[in-house]
Each structure stands twice: as structure tokens, then as C-alpha cells.
Amino acid sequence: MKARNLFNRDEMLKMNIQTLKERGVSVEDIAEVAYQQQAKWSKDISMKACIDSVEKILSLRDTFHLLQLGAEIDRLTEENLIREPLREILNSDLGMFGIDELFGLELAGLYGTIGKTNFGDIDVNKPLIVGRLNSDGKAEKTMCHTFLDDIVGAIAAAASTRVAQIVNENEALREPGYRHIQFKFDE
Ligand code: MG
């Protein structure tokens, strides 16, 4: 059967979860980063909202392409299938490379400017799974997480931003003037 190049959201979500699992990352690992980032700003958020948001982002086509390509570059690097000069740049996770951060910015940018600034925070502070991926990739010569740490950080940033948007929307709907505006609109 001819290989397909187009997948539906459910298929993309499942393949993304499988690829993350093969690379040692779970949906919960990413949701914890989103929760930790957003809990600083609002006490109304739940772990479930973070998990739902991570799954939503993992079902998007742009996320699918960025995650699958980034994880595959890391895997090929580990198996020494990338040629020099790129192999050593990727293997050493060269700080000035920047293309892995470009993937992260593009992904987090699906959730606007706040998505990007939330990614910047995670990229600099490397909380939880992001820090573990970064240090394992640097310490173990057999492991490469050059792209994955940024992709995982960006999914967490996008999920955290999505949760903030839900919290803000709910707050706006509770605004006493809301019904008044609606009433006036109906007049
Ligand atoms: Mg990186």
C-alpha cells in the first residue's frame, strides 16, 4: 500500500504521543511544565486543563510536522546517520545553532506573542522534563535531544497559553457588564 502523507487529527495525536514515548516523554511530563508556568498567575487552573491543552496542541498539523521532523533529526544524529559538518553541531547541541529554537518559536507562535514569550521563559529556565532532556542530551554521547527539548518546551508554553486564554474567557464571561452589553446589542 502506498504510504500516506495526510493524517487526521486523531491519527496525528496518536503518532505524536507514540514518538514522544519512544523519546522518553509523556503527555503528563509536558502538562506539568504548563501547570507550573501558569499556576504562578492563576489559582483557578487544573492539571486536567493542562493535559487537555497538551493533547489539543499535539493534534495540530503544524505541531505534527515540527515534532516528527525534530524528533527524527535527533534520532538520526544518535545513529550517526547525519553527515559532518552538521553531525557534531547537533551532537554537541551547539548553543549558537538556533534552528532548534526556531522550531520551538514557530510551534509556540501558534498561540501568539504570549505563546512565544512563555516559550522564552521555559527555554531559559528549563523546568522539569525540559531540563532533564537538555542535560541528558549533553551528558550522554549516545543521546541527542537537541530538537526535542525545544519542541517539548514549546508544546508546554502553547498549552500554558491556551489555559490562560480559557481562564481569561471565563473571567470575561463573569463580568457584570457582559449581560448589559449583550442586552444593548439585542436592542
Ligand atoms: Mg535545543
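Of the 187 residues of the protein, 41% count as buried, where buried means under 20% relative accessible area, exposed means over 50%, and partly exposed falls in between (1.4 Å probe, protein chains only). This is a predicted model, so local features need pLDDT of at least 70, side-chain atom pairs count only at pLDDT 80 or more, and totals for chains, interfaces and linings use all residues. Residues are numbered from 1 along each chain as its sequence is written, and side-chain values use heavy atoms, with hydrogens and water left out.

**Exercise 1. Get your bearings**

Work out how many helices and strands the protein has, and what its C-alpha trace spans.

*Solution.*
- Step 1: Count the elements. You should get 10 helices and 0 strands. Helices (H or I, at least four residues) and strands (E, at least two) are DSSP runs, numbered from the N terminus.
- Step 2: Walk along the chain from the N terminus, and the elements read α-α-α-α-α-α-α-α-α-α.
- Step 3: Look along the principal axes: the C-alpha trace spans about 70 × 45 × 25 Å.

**Exercise 2. Find the faces of two helices**

Take helix 3 and helix 7, check their spans, and find where their buried residues sit.

*Solution.*
- Step 1: Start with helix 3 (residues 47-58). Its 12 residues should span 16 Å at 1.5 Å a residue, and its end C-alpha atoms are 17 Å apart, which agrees. The expected span is 1.5 Å times one less than the number of residues.
- Step 2: Pick out the buried residues of helix 3: Cys50, Ser53, Val54, Ile57 and Leu58. Down the axis of helix 3, they fall within an arc of 135 degrees, so they line one face of the helix. The arc is that of the directions from the helix axis to the C-beta atoms.
- Step 3: Now try helix 7 (residues 112-125). With 14 residues, helix 7 reaches 20 Å from its first C-alpha to its last, close to the 20 Å expected at 1.5 Å a residue.
- Step 4: Gly115, Asn118, Phe119 and Ile122 are the buried residues of helix 7. Their arc around the axis is only 105 degrees, which puts them on the same side of helix 7.
- Step 5: Flip to the other side of helix 7, and you'll find Thr113, Val124 and Asn125 exposed.
- Step 6: Follow Phe119 to a partner: Gly153 is 34 residues away in sequence, yet the two are 6.4 Å apart in space, C-alpha to C-alpha. Gly153 lies in helix 9 (residues 148-174) and is buried, with a relative accessible area of 0%.

**Exercise 3. Visit the magnesium ion**

Which residues coordinate the magnesium ion, and at what distances?

*Solution.*
- Step 1: List the donors: Asp100 (OD), Thr146 (O), Asp149 (OD) and Asp150 (OD), at 2.1 to 2.5 Å. Donors are N, O and S atoms within 2.8 Å of the metal (3.2 Å for Na, K and Ca); water is not among the atoms, so sites may look incomplete.
- Step 2: Read their spacing along the chain, which is D-x45-T-x2-D-D.
- Step 3: Check two of them for burial. Thr146 is buried, with a relative accessible area of 2%, and Asp150 is buried, with a relative accessible area of 2%.

**Exercise 4. Look for empty space**

How many cavities of 30 Å³ or more does the structure hold, and what lines the largest cavity?

*Solution.*
- Step 1: Count: there is 1 cavity of 30 Å³ or more. On a 1 Å grid over the protein atoms alone, a cavity is a set of points where a 1.4 Å probe fits but cannot get out, and lining residues have an atom within 4 Å of a point.
- Step 2: Note the volume of the largest cavity, about 40 Å³. Grid points are joined across faces, edges and corners, and a volume is the space filled by probe spheres set on the points.
- Step 3: Name the lining: Leu90, Asn91, Asp93, Leu133, Asn134, Gly137, Lys138, His145 and Thr146. Helix 8 gives the most to this lining, with 4 residues.

**Exercise 5. Spot the unusual backbone**

Where is the cis peptide bond, and what is phi of Asp93?

*Solution.*
- Step 1: Recall that most residues other than glycine have a negative phi, and most peptide bonds are trans.
- Step 2: The bond from Glu84 to Pro85 is cis, with omega near 10 degrees.
- Step 3: Phi of Asp93 is near 50 degrees, a positive value. Asp93 counts as buried, at 10% relative accessibility.

Definitions and conventions:
1 Å grid on protein atoms, 1.4 Å probe; cavity = no way out; pocket = protein on both sides within 12 Å on 5 of 7 lines; lining within 4 Å.
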